[in-house]
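Student: I should like to understand how descriptive terms are justified for a structure I have not seen before. May we go through some of them together?

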Amino acid sequence: MRATVNDIGLEYTDEGEGVPLFFIHGFPLCREAWSKQVEAFKARFRVIAPDLRGLGGSEATEGPVPMGRFAEDCYKLMQHLQLDPVILVGHSMGGYAALAFAKIYPHALRGLVLVGTKAGPDSPETAAARRATAEAVGRDGIASVVEAMAPKMLSANNADAGMAADVRGFMTPSKPAGVIGALLGMAERPDAEPWLGKIRVPTLIVTGADDTLVLPSESTHLAKAIPGAQVRFIPKAGHLVAFEQPEAFNAALQGWLAQPLLQ
Ligand code: MLT
């Protein structure tokens, strides 16, 4: 489906009925990364998953996309769809956006799931590397980003060539301007640490035990800093844990969703 919200054409999935379960994908992916969750949860929830601005099939804009802008796009899409407060699931960069959302729109949040993500900002070195990558994408397109990111998405022990091809396929529709905007937005994102203690909704933290892109220790930290948060480590999973180990991921999410506060 497609809607113009916040002056941008966003592609999104919207299936099922019930409490809204809203998924935000990571970089430089698209909503297809959540396909195994859409299938599993649409029988009991209203499952919504947009392609973020500039990624997947959504329109791109020029310039940096701050994490708060991604959050605003999601909030405007929720308003457009007349959603009740959502259970927000954010993976990696989508988690940075979800943390921005939790700060700006707490009234629109019923629960929070942070997957393979972290609260801290980029180090100066990481931010500089992102800016250099953004320049390279401006010159040469997104192929080098796909080459660099794709092998880091799955566990190093995963030899499933079909799954690796699927992961590349989640990246290739992204537009250069969208990839540049996300890189620059991540490089300038603020430290979310100061508001972790103010999150008041039930929170689940999930990480792939083999994640080398965002280390599992970041999840341990988030779980300590967010009041009442629960944490799950999924074995045999890398960064894209929900796609690589959907049964274990979905079971962890399903178990947590069963609590009365989220019904
Ligand atoms: C992502 O998966 O969204 C990115 O790897 C996050 C990042 O580069 O910080």
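Tutor: The following exchange sets several terms against their definitions, for what is a predicted model.

Student: Why is R189 called buried?

Tutor: A residue is buried when its relative accessible area is under 20%. R189 has 5% relative accessibility, so it counts as buried. R189 lies in the loop between α7 (176–187) and α8 (193–196).

Student: What makes the approach of the side chain of R189 to the backbone oxygen of G120 a polar contact?

Tutor: The cut-off for such a pair of N or O atoms is 3.5 Å. The side chain of R189 reaches the backbone oxygen of G120 at 2.8 Å. A polar atom of the R189 side chain also lies 3.0 Å from the backbone oxygen of M186. Among the residues that R189 touches are M67, K118, P121 and D122.

Student: How do you know that the buried residues of α6 are on the same side of the helix?

Tutor: The buried residues of α6 (residues 161–171) are M163, V167, F170 and M171. They cover an arc of only 100° around the axis, which puts them on the same side of α6. An α-helix has 3.6 residues a turn, so residues three or four places apart point the same way. The buried residues of α6 pack against α1 (35–41), α5 (143–149) and α10 (241–244).

Student: Which side-chain atoms make polar contacts with an oxygen atom of the ligand?

Tutor: The distances can again be set against 3.5 Å. An N or O atom in the side chain of Y96 is 2.5 Å from an oxygen atom of the ligand. For R130, the corresponding distance from a side-chain N or O atom to a ligand oxygen is 2.8 Å. A polar side-chain atom of H239 lies 2.7 Å from an oxygen atom of the ligand. Taken alone the ligand exposes 270 Å², and the protein buries 95% of that. The residues surrounding the ligand include G26, F27, S92 and L213.

Student: Why is strand β7 described as largely enclosed by the rest of the structure?

Tutor: Six of the six residues of β7 (residues 203–208) are buried, so the strand is largely enclosed. T203, I205 and T207 point one way, while L204, V206 and G208 point the other way, and all are buried.

Student: What makes β7 a partner of both β6 and β8?

Tutor: Pairing requires at least two bridges. Four bridges join β6 (residues 109–115) to β7, and these strands run parallel. Five bridges join β7 to β8 (residues 230–234), also running parallel. Therefore β7 meets the criterion with each strand. L112 stands opposite T203 in β7, and V206 stands opposite R232 in β8.

Notes: Residues are numbered from 1 along each chain as its sequence is written. This is a predicted model: local features need pLDDT of at least 70, side-chain atom pairs count only at pLDDT 80 or more; totals for chains, interfaces and linings use all residues. Side-chain values use heavy atoms; hydrogens and water are left out. Helices (H or I, at least four residues) and strands (E, at least two) are DSSP runs, numbered from the N terminus. Buried means under 20% relative accessible area, exposed over 50%, partly exposed in between (1.4 Å probe, protein chains only). A polar contact is a pair of N or O atoms within 3.5 Å; within protein, one must be able to donate a hydrogen and the other to accept it, and residues adjacent in sequence count only if both atoms are side-chain atoms. Contact means heavy atoms within 4.5 Å. The arc is that of the directions from the helix axis to the C-beta atoms. A residue is near a molecule or strand if one of its heavy atoms lies within 4 Å of it. Accessible areas come from the Shrake-Rupley method with a 1.4 Å probe; for residues, only the protein chains shown count as cover.
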